[in-house]
Amino acid sequence: MTTSFTLHGIPVSRGIAIGRAHLLAPAALDVQHYLIGEDQVEAEVSRLQCALAAVRTELQTIWNDLPKDAPAELGAFIDVHALILSDPMIADMPLDIIRTRYYNAEWALVTQIEELSAQFEEIEDAYLRERKADIQQVGERVLKQLTGSANLLPKNVDGDAPHMIVVSHDISPADMLQFRDRSFSGFITDVGGQNSHTAIVARSLDIPATVGVSFASTLIDQGDWIIIDGDAGVVVVDPAPIVLDQYREKQARQLRDRKKLGKLKKMPSVTIDGTPVTLLANIEFPDDCVHALEGGAHGIGLFRSEFLFMGRTAPATRLPSEEEQFQSYKQAVIAMKGRPVTIRTLDIGSDKPIDEDEQTSLNPALGLRAIRYCLAEPQMFMTQLRAILRASAFGPIKLLIPMLSHAFEIDQTMAMIEQAKAQLRAEKIKFDAAIPIGAMIEIPAAALALPMFIKRLDFLSLGTNDLIQYTLAIDRVDHEVAHLYNPLHPAVLYLLSTTIAMAAKAEVPISVCGEMAGDTRMTRLLLGMGLREFSMHPAQLLAVKNEILNSDLTMLEPATRKIVRTFEPKAIAEAVERLQVL
């Protein structure tokens, strides 16, 4: 008789999933290493070239067979994998390794994959650092062709059989797509974080998922009954009948609640006391605008432009052109049909390690990233600014600058924007001359020196993820200190409340675009602080709107003032809980 046990991971997509475990083959990056003779080199090169070609065909077939209702993220991620596959760093370098070092094909490929993965480890931005997984997934796909283990799924799945819960070390977006029509209701991975592709696709498919569940793929057996609690990041293996019944009841309740939320889409987002609240969407790709509109978004509060730079293993020399960027920004603006689109300039550090002689290389979080990197690479920054300005001729765009902390950074940025405008005027290219310029408030220094920002800029956006990280001096993707990441820390609440209050007093629009904006447990707290503009993943819009519709600011505001003046963690947590029933 099997014993029930519970595993814990990172909740990335809410909901309850119940089904039988289907284990994917373990990672294929551990391969045979052997040297080949000189007379075998070209045969080994040909073997790797055939595997690369087979994966290209495979990805093209998956792309061609994409269902019409497939989330935009899936197609975009398959494109990224195709780009990585065609990059010389993957397509050519392993062939050179075979020819110069006489490695077998698998060893040559793994050597190059590990080298590239090490480079991505140096990137500070959590979203882009996790793109390392894409390179590894592409490498694994090629290795499976080389070793003849490419088939992942059971040939037939009985339509009446229990829903599958996929358990794997990691899952690529292309592999996830293969499960869409196979009673696939949730998944668990050993690795991954909030920003991994697995997490992003899970949210877009609205499938319960828990990632970062260490050793799940070794502890769970094929066919085990599994419960995923996507809200808590909990996985229950072989649950007792009473536990199974409790979760089935909870699952049914959630489904009923979701149907009710669907009816809120066209309702105005207004509190009980009549205060209007703006709900915006965070997006990664222009096609995400469809989901934003479906969720009833009033606009885009954060368009992460980094996706254009993804899959390029050497951005310093292989950057997207102005035209390529312009077309993507224009696509998003047109898709939003007159609603504002806030585009954040590139928020990434150099993709290569900063010079080892420099002290900052010891801590990339405090190094050359975001606006610091853009100002250090003026040609790249100018290209992006021109592309964004050109797109502003097709609809309302707001330009958002990340990680500002100094007045001279703001002034330099504004000077470059004016220079970009002057160039476009000289070339007689249309743009919005009055495009609003805003700053991400994500460094404590920025929050504490807010008048400096209010004086120079048109709007502000609170990036709570980094603000919390920098305030508490923890890296939330570091599992050893992730438990210290606490949005309700009194210092965080002080910075949030004072920033929102100062912006309101100066009549400068301010939004929150970090994870807190989409967390319904934080909605009433932020409303009580005076926030009137929330930006979040499209899947979270209706749940947050429901909280807003049931909130009365006349009761929330005095209760929130007391919370902000409280310094005991337990008292804060209890007071925030009480807000939920006001």
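A crossing of two helices is termed left-handed if the near helix is turned anticlockwise from the far one by less than a right angle, and right-handed if it is turned clockwise. In the predicted model described here, helix α21 passes helix α22 in a right-handed crossing. Two packed helices are described by the angle between their axes and the distance between the axes. For α21 (residues 520–529) and α22 (residues 541–549), the axes come within 9 Å and cross at roughly 45°. The two helices, α21 and α22, are therefore classed as oblique to each other. Their meeting surfaces involve Thr520, Thr523, Arg524 and Leu527 on the side of α21, and Ala543, Val544, Glu547 and Ile548 on the side of α22.

The strands were examined next. An open sheet is formed by eight strands, arranged in the order β1-β8-β7-β3-β4-β5-β6-β2, with mixed pairing. The edges are occupied by β1 (5–8) and β2 (10–13); each has a single partner strand, so one side of each is left without a neighbour in the sheet. On average, and with direction ignored, neighbouring strands of this sheet are turned by 30° against each other. Within the sheet, strand β3 (residues 16–23) runs parallel to strand β4 (residues 164–168), and four bridges join the two. One residue of this pairing is arginine 20, whose bridge partner in β4 is methionine 164. Helix α11 (residues 241–262) packs on the sheet, where it touches β3, β7 (225–229) and β8 (234–237). The direction of α11 makes about 120° with that of β3.

The nonpolar interior was also analysed. The largest nonpolar core comprises 140 residues. Those with the most contacts inside this core are Val142, Phe303, Phe453, Leu460, Leu525 and Phe534. When neighbours within four places in sequence are left aside, valine 142 is in contact with Leu48, Ala51, Leu52, Val55, Leu85 and Leu109. A second core, separate from the largest one, contains 14 residues, including Ala17, Ile220, Ile228 and Val235.

A further residue considered individually is glutamine 112, which is found in helix α5 (residues 105–121). The relative accessible area of glutamine 112 is 5%, and this residue is therefore buried, the cut-off for that class being under 20%. Apart from neighbours within four places in sequence, the residues in contact with glutamine 112 are Met89, Met93, Pro94 and Ile97.

Definitions and conventions
Residues are numbered from 1 along each chain as its sequence is written. This is a predicted model: local features need pLDDT of at least 70, side-chain atom pairs count only at pLDDT 80 or more; totals for chains, interfaces and linings use all residues. Side-chain values use heavy atoms; hydrogens and water are left out. A nonpolar core is a set of buried Ala, Val, Leu, Ile, Met, Phe, Trp, Tyr and Cys residues joined through side-chain atoms within 4.5 Å. Buried means under 20% relative accessible area, exposed over 50%, partly exposed in between (1.4 Å probe, protein chains only). Contact means heavy atoms within 4.5 Å. Two strands pair if DSSP finds at least two bridges between them. Axes are lines fitted to C-alpha atoms, for helices over the stretch in contact, and angles run from 0 to 180 degrees between N-to-C directions. Angles under 35 degrees count as roughly parallel, over 145 as roughly antiparallel, 65 to 115 as roughly perpendicular and the rest as oblique.
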